[in-house]
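Student: Could you take me through one part of this model in detail? I would like a close look at a single strand and what surrounds it.

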Amino acid sequence: MHKIPRLPRFLALATVLYLLVFSLLRLGFWLYFDAAGDPLPGGELLTALYLGLKFDLRLTLLILLPLFLLAWLPWLSPFHSAAARRFWVGYLTLTGMATLLFYMIDFGHYAYLQTRVDASALRFLKNLDISLQMVWETYPVLTLGAALLAAGALQSWAMNRLLLRCAVTPAPRLNWKGRTVTTLLTTLLLLGGLYGKFSAYPLRWSDAFFGTHTFSAQLTFNPLLYFVDTLLNGGGVTFDTEQVRRYYPEMAAWLGVDNPDPASLDFRRRHVPGQTPSTPPNVVIVIMESFASYKSGLSGNPLAPTPHIDRLAADGYFYPNFYTPQTGTARSIFCAITGIPDVETHGTSSRNPRIVDQHTLLNSFAGYDKFYFLGGSVSWGNIRGLLTNNIPDLRLYEEGSYSAPVVDVWGISDLDLFREADKVFRQQQKPFVAVVQTSGNHRPYTIPEDNAGFELLHPSPRELERAGFHSVEEFNAYRFMDHSIGEFMRLAQEAGYADNTVFAFFGDHGLPGIAEHASRADVQLDLTSNRVPFIIYSPRLIPQGRRIDTVASETDVLATLAALAGQSYVNTTLGRNLLDPRFDGERYAFKIIQSTPVRIGLIGDEFYFETNADGSYRHLHRLDSKKPRDNVIERYPDVAARMEQMTRAYHETAKYMLYHNKPVTPD
């Protein structure tokens with residue numbers, strides 16, 4: 001240690017001291033709150049403590065960050081003068097006491113509500129006098145206050161002693177090379193500790209949801225970091241229970257709720273299949289990156305870039321009027337998994353720790369093995385917590401799980417992704433449900449050398465522009481995504497599991513753009529960003545292809561596939577079975593644009609209604625008009641009134657469901 005300069009030496013010792021204190025607090029939390037009747041299993045306990053240590057290290061480094069950044073300056077060094085030393089001791093004492101106070105609040109909050117402190121706790125500030133009185137009458141405030149002051153005094157003494165001890169230790173004399181190496185090494189260790197993982201993405205709150213025991217995540221969280229995460233990533237959307245209750249009759253009727261109850265706001269619908277297949281079919285859901293409809297051959301694109309998808313659509317159920325509620329991969333995946341549009345306005349729902357607990361119809365596939373395959377981690381967002389927390393025994397494959405090489409920033413190629421999934425499917429003895437999420441259709445539009453005979457095409461710039469493509473690279477990447485699907489289907493047929501599998505294909509979102517063959521409404525109303533093809537292909541269950549022109553939404557995917565596969569389920573969100581004729585009378589697709597102000601809309605068979613969430617800018621557009629931008633709200637007041645009512649009902653209900661869609665036990 002004597003060969004280490006005084007400041008890095010002090011920072012290292014202070015880091016160890018903070019980690020020791022935080023670890024003792026974590027152990028105390030575990031010993032006090034771990035349920036005696038349902039204790040945390042040993043393996044999950046060790047993992048929780050290990051991950052918790054990494055979160056604690058991040059908090060420690062954030063507390064010490066001002067010293068890392070400023071104490072290198074001679075006049076701010078705690079070893080320069082007594083005044084500088086007292087300044088830093090005072091800073092560390094105050095931040096330490098504030099952190100310990102937050103731990104105390106978190107401890108009491110968990111004892112009261114069985115949850116860690118999150119952004120929702122700020123609601124107690126609205127009635128501060130009542131909240132303070134409750135705290136005074138419930139907790140030993142004076143004793144805790146005295147303990148906090150004693151802890152502050154102890155920390156002040158400890159930090160002062162530690163600085164003085166480092167100050168009297170002879171400092172090594174370093175030349176410029178030694179100083180450079182010391183600075184670089186200290187910076188590298190700092191950044192590594194803050195990042196927290198040896199992977200393409202940093203340590204996140206969702207990593208706490210690794211186990212099946214509910215207490216494992218609670219033990220893993222660092223309370224202060226968890227609170228900040230919920231504050232930064234989940235503070236945008238709120239719900240109004242009275243508004244939800246106001247629109248409940250419309251939504252209950254539209255969804256087909258079994259037992260409507262405005263008092264309890266019950267949205268449950270039980271699906272019981274009329275008949276079940278003799279052999280449970282596998283289900284494979286392929287979510288394709290940026291698979292905009294107008295770029296595909298299914299839309300009449302003159303360059304015919306998707307021959308494989310086109311054939312699957314011809315032999316299966318093809319929904320040309322299928323829409324994702326939003327753009328953005330993480331938002332789309334959240335919607336597909338939960339059946340709730342991501343209406344979060346501050347960040348994304350998948351980054352909001354307060355709503356990580358969600359019911360998903362993937363769990364209705366009882367007795368099935370469950371898989372999720374992702375080509376890369378860059379587009380992953382923070383959806384991992386949603387999946388691993390809510391789908392027991394999910395086998396998650398992502399960057400680092402594959403033998404195939406990474407081809408660019410987006411991970412392995414789409415072709416290799418399907419090959420990796422096929423290898424797993426071939427070994428299955430039980431029925432399985434799987435999601436395969438491609439990520440290759442991004443710049444730099446890499447076509448791998450190992451491409452199964454894919455041939456590049458080079459249309460002219462004019463041909464590309466007319467077809468809606470910006471470059472020949474984008475065109476070929478889009479084609480390669482389709483080529484990869486063709487190879488996947490060939491492998492599935494070769495392996496023998498294709499005939500007993502329901503395959504579903506759709507895009508995570510579309511793209512804004514112009515193409516000569518695209519409809520005027522899609523282009524002028526920016527529906528190209530939301531319209532994607534939806535195809536269900538199953539040789540055994542769908543013997544004859546059919547084009548179904550009714551409006552469909554991404555929220556409907558799992559409800560439809562589970563019904564087709566003969567699964568019984570309890571639906572609690574906004575998805576409806578597209579194959580249920582009860583709903584054919586009125587079908588809509590909801591759309592939300594996270595702009596300022598937020599805009600919401602509803603797409604029907606003939607009209608598109610759009611408004612700002614605050615009630616301003618009410619527009620009704622006719623989709624088959626030669627001038628679709630025209631606001632025809634005065635010409636069709638009844639249509640506008642109905643669609644506005646449903647738009648607001650949908651939006652208010654979606655906001656409410658984000659916080660009221662807790663997992664239920666599958667039938």
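Tutor: Happy to; what follows is a walk along one strand and its partners, and then a short look at a pocket. Please keep in mind that this is a predicted model.

Let's take strand 7, which covers residues 432-437. Six of its six residues are buried, so strand 7 is largely enclosed by the rest of the structure. Here, buried means under 20% relative accessible area. If you follow the side chains, Phe432, Ala434 and Val436 point one way, while Val433, Val435 and Gln437 point the other way. Both sets are buried, Gln437 included.

Now for the partners. Strand 2, residues 282-288, pairs with strand 7 in the parallel sense, and five bridges link the two. To find this pairing on your screen, pick Val284, whose bridge partner in strand 7 is Ala434. Strand 5, residues 369-374, also runs parallel to strand 7, and six bridges join them. A handy marker here is Leu374, which stands opposite Gln437 of strand 7.

As a companion view, turn to the second largest pocket, with a volume of about 840 Å³. It is lined by 28 residues, and those closest to its centre are Met104, Ile105, His109, Val135 and Tyr139. Helix 3 (82-113), helix 4 (128-138) and helix 5 (141-168) each supply at least two lining residues, with helix 3 giving the most, 10 residues. By class, this pocket's lining has 24 nonpolar and four polar residues, and no charged ones.

Methods: Residues are numbered from 1 along each chain as its sequence is written. This is a predicted model: local features need pLDDT of at least 70, side-chain atom pairs count only at pLDDT 80 or more; totals for chains, interfaces and linings use all residues. Side-chain values use heavy atoms; hydrogens and water are left out. On a 1 Å grid over the protein atoms alone, a cavity is a set of points where a 1.4 Å probe fits but cannot get out, and a pocket is an open set with protein on both sides within 12 Å along at least five of seven lines; lining residues have an atom within 4 Å of a point. Grid points are joined across faces, edges and corners, and a volume is the space filled by probe spheres set on the points. Helices (H or I, at least four residues) and strands (E, at least two) are DSSP runs, numbered from the N terminus. Ala, Val, Leu, Ile, Met, Phe, Trp, Tyr, Cys and Pro count as nonpolar, Asp, Glu, Lys and Arg as charged, and the others, Gly among them, as polar. Buried means under 20% relative accessible area, exposed over 50%, partly exposed in between (1.4 Å probe, protein chains only). Two strands pair if DSSP finds at least two bridges between them.
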